[in-house]
Amino acid sequence: MYPEASMREWRVRYEGELRPAAAAGKCLPVHMNLQFTTQAPFFYYNRDLSSAVIADSVAREAWNDAFYKLLKHVPEMVEKRIHYEQSGRLTGEVQLAGRSFALQLSGFRDHSFGTERCLSNINRYVYVALFLSDGTSLMIGNLSQPSFFLSSLKVGYVCTLAGVYEPITSCNFELYSYGEKGTPPRHKNFIVQTAKAKYFVQIEEQQSSVRYVGADWVAKIYNQFVACTVNGIKGQGITEYLYKNKNGERPEAVNATDPEWFRRVKSFERSLSKCEEDESEVFFF
């Protein structure tokens, strides 16, 4: 994956094998040559989130001296956690087991970076990305990260066909109502509001997958591919449920298959987390 025009065009290529969704499926040869294009600006979370959802999240916390002192340092903390998203189109050709077909999809790209973005500090989150038949897209999330300073932060926006972002001002999607015990629900209904409109969202799971993230599998993610209806308009999308991996660290049987370069990266990351300097390694990400 690499940019072809700054913040406008990206190339996505892959040539290798992919495993079908069925666990026992045989790997198939796949060749992809795709391009993600956009004319829309990007939605910068540190700047563009509605003050209404931030105020709601702050008001839900237990107010005491410790929390008040923490709030004073929020501007510095936020600058160390950067995230933005950008709506666009993914088009190109895919060759699957010798068959070729054209791909044309609505989608979005997101980019997270910073010096204090650590999966192990996230309690859980749910993220919903929906793409409607009229060209509208919705991104709704709820993040629980008490170590940051909020145990329930709602985020998101509605993006029009013209690429105009409308931040959500309220949402009744609560983490404790959706998959709190570790199993995401197959159906979800909730209401989202912006300054201009209200949206009734209905979601039904079509297919799902599970994966572990982090070099040591600190988190477990359920991805659901869903069908949706928003204010009577049909669409498709994906939901992502992240939980802490309560089963412990990455299995040794998996660690044993790591290539040498990955073991070096893990060792380098541990040295960074312990504030130790390792001058023997230099990595460019």
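1. Two strands are said to pair if DSSP finds at least two bridges between them. By that criterion, strands E12 and E13 of this predicted model pair in the antiparallel sense, over 12 bridges. One such bridge involves valine 210, whose partner in E13 is tyrosine 222. Strands of a sheet pair through backbone hydrogen bonds, in either a parallel or an antiparallel manner.

2. On confidence, the average pLDDT of the protein is 89, and 92% of the residues score at least 70. Confidence is lowest in helix H6 (residues 260–273), where the mean is 76, and highest in E10, at 97. These values should be kept in mind when helix H6 is discussed.

3. The central arrangement to describe is a barrel. Eight strands close into it in the order E7-E8-E9-E10-E11-E12-E13-E14, and their pairing is antiparallel. From one strand to the next, the twist averages 30 degrees. Helix H2 packs on the sheet and touches E9 and E10; the direction of H2 makes about 165 degrees with that of E9.

4. The successive pairs in this barrel may be followed by their bridges. E10 and E11 are joined in the antiparallel sense over three bridges, and isoleucine 168 has threonine 194 of E11 as its bridge partner. Strand E11 (residues 187–194) and E12 pair, again antiparallel, over seven bridges. Here lysine 188 stands opposite isoleucine 203 of E12, and phenylalanine 190 stands opposite valine 201 of E12. E13 and E14 run antiparallel and are joined by 12 bridges; alanine 219 has lysine 244 of E14 as its bridge partner.

5. Which residues of E11 belong to its covered face, and which to its uncovered face? The covered face consists of Lys188, Phe190, Val192 and Thr194. The uncovered face consists of His187, Asn189, Ile191 and Gln193. Several residues of the covered face have already appeared in the pairing described above: Lys188 is opposite isoleucine 203, Phe190 is opposite valine 201, and Thr194 is the bridge partner of isoleucine 168.

6. Two hairpins deserve attention. E11 and E12 form a hairpin with three residues between them. The hairpin of E12 and E13 has five residues between the strands, and in it glycine 214 takes a positive phi near 90 degrees. Alanine 215 also lies in this loop, between strand E12 (198–213) and strand E13 (219–230). Alanine 215 is partly exposed, with a relative accessible area of 22%. Its C-alpha atom is 25 Å from that of leucine 150, and the two residues are 65 places apart in sequence.

7. Most residues other than glycine have a negative phi. Two residues should therefore be checked against that general expectation. Tryptophan 217, in the loop between E12 and E13, has a positive phi of about 55 degrees although it is not a glycine. Alanine 97, likewise not a glycine, has a positive phi of about 50 degrees; its place is the loop between strand E5 (82–96) and strand E6 (99–113).

8. Are these two residues buried or partly exposed? Buried means under 20% relative accessible area. Tryptophan 217 has a relative accessible area of 19% and is therefore buried. Alanine 97, at 41%, is partly exposed.

9. Threonine 239 lies in strand E14 (residues 233–244). It counts as buried because its relative accessibility is 0%. Its side chain makes a polar contact of 2.7 Å with the side chain of glutamine 224. Leaving aside residues up to four places away in sequence, threonine 239 touches Tyr127, Val128, Lys188, Tyr222, Asn223, Gln224 and Val226. Among these, Tyr222 is the bridge partner of valine 210, and Lys188 belongs to the covered face of E11.

10. Finally, helix H2 (residues 51–60) has the buried residues Val53, Ser57 and Val58. Why do they lie on the same side of H2? They do so because they cover an arc of only 135 degrees around the axis. The face turned away from this buried side carries the exposed residues Ser51 and Ala59. The cover over the buried residues includes helix H3 (65–72), strand E9 (150–159) and strand E10 (165–171). At the start of H2, a side-chain oxygen of serine 50 comes to within 3.0 Å of the backbone nitrogen of alanine 52.

Notes
Residues are numbered from 1 along each chain as its sequence is written. This is a predicted model: local features need pLDDT of at least 70, side-chain atom pairs count only at pLDDT 80 or more; totals for chains, interfaces and linings use all residues. Side-chain values use heavy atoms; hydrogens and water are left out. Buried means under 20% relative accessible area, exposed over 50%, partly exposed in between (1.4 Å probe, protein chains only). Helices (H or I, at least four residues) and strands (E, at least two) are DSSP runs, numbered from the N terminus. The arc is that of the directions from the helix axis to the C-beta atoms. Contact means heavy atoms within 4.5 Å. A polar contact is a pair of N or O atoms within 3.5 Å; within protein, one must be able to donate a hydrogen and the other to accept it, and residues adjacent in sequence count only if both atoms are side-chain atoms. pLDDT is the predictor's confidence in each residue, from 0 to 100. Axes are lines fitted to C-alpha atoms, for helices over the stretch in contact, and angles run from 0 to 180 degrees between N-to-C directions.
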